[in-house]
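Me: I'd like to go through this model with you and learn how to read a few of its features. Could you give me the general idea each time, and then the case at hand?

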Amino acid sequence: MPSGRYVFAAALALGFHGCYAETSASRQMTTAEAVSLLHGVLAIDIFPGHPLHLPPDAVTGAGYVPGIARLGIPSLRESDASLGVAFALGQRQDGATALPSSLAAAASFSQDLAFAGGAMIAREARSHGFNVLLAGGVDLARDPRGGRNFEYVGEDPLLAGMIAGAAIRGIQSEHVIATAKHYALNDLETGRGFHNAVIAEPAARESDLLAFEIALEQGHPGAIMCAYNRVNGPYACESPWLLNDVLKRDWHYPGWVMSDWGAVHAITALDAGLDQESGEQLDDHVWFGDALLKKAEADPATRARVMEAAGRILAAMKQVGIAGDGPRGKPDMAADAAVSQLQEEAGIVLLQNTGAILPLSTGTMRIAVIGGHADAGGLTGGGSSQVVGPGGPAASIPITTDGGPGSKWFTEIFDGTSPLSAIRAAVPHASVTFTPSRYPAQAAEAARHADIAIVFATQWNIEGEDLPDLALPDGQDAVISAVAAANPHTVVVLETGNPVLMPWRSKVAGIVEAWYPGARGGQAIARILFGAVNPSGRLPISFPAALSQLPRPQIPGFGQPDGASFPVVYSEGSDVGYRWYAASHATPLYPFGFGLGYTSFSIGDLKILPGRTPSFSFPVTNTGSRPGTDTPQIYLLGAPNRTQLRLLGWARVTLQPGETRQVHVTADPRLIANWEQAKHGWSIEPGMYRFAVAESAADMSSRAQALLPAQFLAP
Ligand code: BGC
């Protein structure tokens with residue numbers, strides 16, 4: 001079969017009728033041209049002595065794959081990532097709008113806001129000349145020390161899949177290809193290049209894989225990036241089970257699988273289902289370059305697979321309608337910052353509000369703002385996803401001082417707007433002082449002379465490293481305790497990429513989780529503190545009370561030198577996060593789904609509506625005196641012969657004081673079912689099922705039960 005026709009046939013088989021492959025140009029693609037689409041470089045000039053020679057249409061960023069000019073196939077110009085057009089290790093100085101941490105998007109429980117964020121970063125990416133965003137992180141936050149949890153969307157497969165899927169849809173609505181990543185089980189960063197994630201297939205299907213499955217259904221990303229780590233033996237990018245069987249056969253995924261940067265170890269990855277080698281300078285060999293061409297020319301089966309892989313890339317280009325030419329459009333930075341601010345305002349979680357200290361009165365006269373570089377900006381997460389706004393970082397704190405290439409990477413960056421300035425703008429007649437949090441006594445002294453003390457506390461996370469523990473670093477706990485002892489009207493604002501322990505919790509009045517707050521974090525935080533916005537965020541990740549509550553109190557391999565593979569056994573299976581706390585009868589510090597506001601809500605009786613898949617109906621009333629948004633959640637509590645806590649759905653309801661609304665939520669049957677390995681599908685046993693509508697995973701307001709018939713769902 002001529003190679004070009006194979007691409008056409010493959011594309012039709014993939015369901016892309018009238019797709020790119022139909023053009024006469026693509027029908028003429030040679031094997032060599034197809035291979036040229038299957039590998040690309042890291043388009044950042046960081047290797048001393050090995051300068052990059054990129055063609056004029058390349059853009060400095062994460063990746064570049066040359067197009068085929070004679071066939072009108074555009075180059076792939078790839079940028080990191082989920083939070084905006086990334087800084088590219090300081091190589092991009094043009095600046096971009098940062099979304100808050102993806103945990104904030106997840107905490108909003110709002111697909112609309114996730115979509116808007118995705119569309120915004122895609123418009124900016126396109127204006128810089130990129131047509132692929134390596135954005136769409138959906139690995140589960142299995143461990144609250146996970147170094148990339150801030151780039152991911154929480155611990156629950158439904159929430160993660162829905163929010164990541166909406167962000168992906170938003171990105172692609174602007175004709176930029178999105179990339180679901182890191183497939184799969186890249187849930188810890190320790191030894192990420194060689195650790196072996198060990199998990200039984202049913203548990204994987206019901207947790208991490210389900211998050212990806214839902215994200216793909218919701219978002220239809222053109223690309224998916226396989227992970228660095230091994231999964232049950234083989235590397236994720238070389239796993240026939242993950243790529244060929246689950247992704248391409250069971251889920252009928254029509255896009256292409258690109259590797260993570262430096263994640264390919266053998267040419268046989270192609271047979272396992274990998275379609276494209278990315279960041280090829282980081283691999284030991286360029287596996288999908290000349291070596292692959294030679295193999296394809298000698299072996300018809302390899303050639304057919306090469307043409308199919310290229311066809312997947314063309315199909316995705318066509319599906320998303322990417323721009324072939326250079327930069328398009330000019331970003332409206334003010335409008336983009338407003339999108340980021342909205343996401344942050346909806347994602348901030350009010351954790352504690354003793355004596356209704358919040359919202360602060362705008363008549364407050366003396367405010368002591370302490371710590372967290374709140375005079376400069378908000379904390380950002382480190383690594384490839386790092387975004388820096390126009391004008392460069394507001395403050396940079398080097399973590400390593402060796403001056404080597406690593407020092408650029410290990411720099412704690414504060415950016416976006418300054419919370420201190422936003423607080424001053426909110427209360428122009430108040431005296432607002434700022435004190436760094438270097439010395440507890442100095443911070444306490446500032447607090448003593450104020451009506452209100454607001455302490456900003458930070459926990460930096462970076463790709464490639466997990467946290468050693470959940471304590472706030474750099475003596476911040478001591479500062480908060482000293483401030484709280486000096487002034488009972490203390491509010492702590494957390495800018496963290498993960499949960500933290502709070503030994504001072506009972507001593508402070510208010511606690512606000514602001515995550516990494518994005519381009520307009522200062523304003524968003526001030527608007528929450530002073531009540532211009534009623535907090536509505538809900539935790540997408542449980543906050544443990546102690547490390548001993550975790551399935552793995554110690555991270556396997558932590559602190560050991562890089563080297564041989566070691567297992568990370570996910571013995572908790574699909575009982576991730578709140579499900580684990582329920583199964584192990586532990587009480588976390590703050591449960592999944594939890595968040596306070598400045599009004600109150602009541603939830604009425606839960607009714608289950610008949611049907612093969614249960615759907616639920618219940619009334620919600622705003623019983624307080626301010627307008628506000630509630631996020632009631634539906635949980636499965638138990639199935640025949642087992643107790644099992646699982647989020648089945650939620651609604652986001654904005655109500656005026658006194659207003660009541662009847663809410664309907666439909667469950668995804670896969671969350672009621674279990675994966676039955678022998679039958680290769682989702683099985684619902686017949687019998688009595690128990691459900692609840694709740695304000696968090698630890699607070700079941702109203703319960704009901706229903707008899708469900710047997711059901712089997714093929715994947
Ligand atoms: C990260 C990816 C990123 C890629 C390109 C890798 O180290 O794991 O998330 O997209 O680099 O920068």
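Me: Let's start with L185. Is L185 buried or exposed?

Reply: This is a predicted model, so everything here is read from predicted coordinates. The general idea is to look at relative accessible area, where buried means under 20%. L185 has a relative accessibility of 0%, so L185 counts as buried. You'll find L185 in the loop between β4 and β5.

Me: What is the phi of L185?

Reply: Start from the background: most residues other than glycine have a negative phi, and most peptide bonds are trans. L185 isn't a glycine, yet its phi is positive, about 60°.

Me: And the peptide bonds around there? Which residues does a cis bond join?

Reply: One cis peptide bond joins Y183 and A184, with omega about 0°. A184 sits in the loop between β4 and β5 (196–198). Another cis bond links K181 to H182, and its omega is about -5°. H182 belongs to strand β4, which covers residues 177–183.

Me: Where does W515 lie?

Reply: Look in the loop between β17 (510–513) and α18. W515 is another non-glycine residue with a positive phi, about 55°. Its relative accessible area is 0%, so W515 is buried.

Me: Now α18 itself. How do I read its packing with α15, and at what angle do the two axes cross?

Reply: For a helix pair, take the approach of the axes, then the angle, then the handedness. The axes of α15 (residues 419–426) and α18 (residues 521–529) come within 8 Å and cross at roughly 45°. That makes the two helices oblique to each other. As for handedness, α15 passes α18 in a right-handed crossing.

Me: Which residues make the contact?

Reply: From α15 it's P419, A422 and I423, while α18 brings in G522, Q523, I525, A526 and L529. By residue class, the contact of α15 with α18 has six nonpolar residues, two polar and no charged.

Me: How do I check the length of a helix? Take α8: what span should its twelve residues have?

Reply: Compare the expected rise with the distance between the end C-alpha atoms. For α8 (residues 208–219), twelve residues at 1.5 Å a residue should span 16 Å, and the end C-alpha atoms are 16 Å apart, so the two agree.

Me: How many residues of α8 are buried?

Reply: Ten of the twelve, so α8 is mostly covered. Among the buried ones are D208 and E213, along with L209, L210, F212 and G219. Right after α8 comes H220, with a positive phi near 50°.

Me: Let me try α5 with the same approach. What span should its 17 residues have?

Reply: At 1.5 Å a residue, α5 (residues 111–127) should span 24 Å, and its end C-alpha atoms are 24 Å apart, which agrees. Twelve of those 17 residues are buried, so α5 is largely enclosed by the rest of the structure. The buried set includes G117, G118, A119 and M120, as well as E124 and R126.

Me: Which elements do the buried residues of α5 pack against?

Reply: Their partners are α4 (102–108), β3 (132–133), α6 (157–173) and α13 (333–347).

Me: And what phi does G129 take, just after α5?

Reply: G129 has a positive phi of about 100°.

Note on methods. Residues are numbered from 1 along each chain as its sequence is written. This is a predicted model: local features need pLDDT of at least 70, side-chain atom pairs count only at pLDDT 80 or more; totals for chains, interfaces and linings use all residues. Side-chain values use heavy atoms; hydrogens and water are left out. Axes are lines fitted to C-alpha atoms, for helices over the stretch in contact, and angles run from 0 to 180 degrees between N-to-C directions. Helices (H or I, at least four residues) and strands (E, at least two) are DSSP runs, numbered from the N terminus. Angles under 35 degrees count as roughly parallel, over 145 as roughly antiparallel, 65 to 115 as roughly perpendicular and the rest as oblique. A crossing is left-handed if the near helix is turned anticlockwise from the far one by less than a right angle, and right-handed if clockwise. Contact means heavy atoms within 4.5 Å. Ala, Val, Leu, Ile, Met, Phe, Trp, Tyr, Cys and Pro count as nonpolar, Asp, Glu, Lys and Arg as charged, and the others, Gly among them, as polar. The expected span of a helix is 1.5 Å times one less than its number of residues. Buried means under 20% relative accessible area, exposed over 50%, partly exposed in between (1.4 Å probe, protein chains only).
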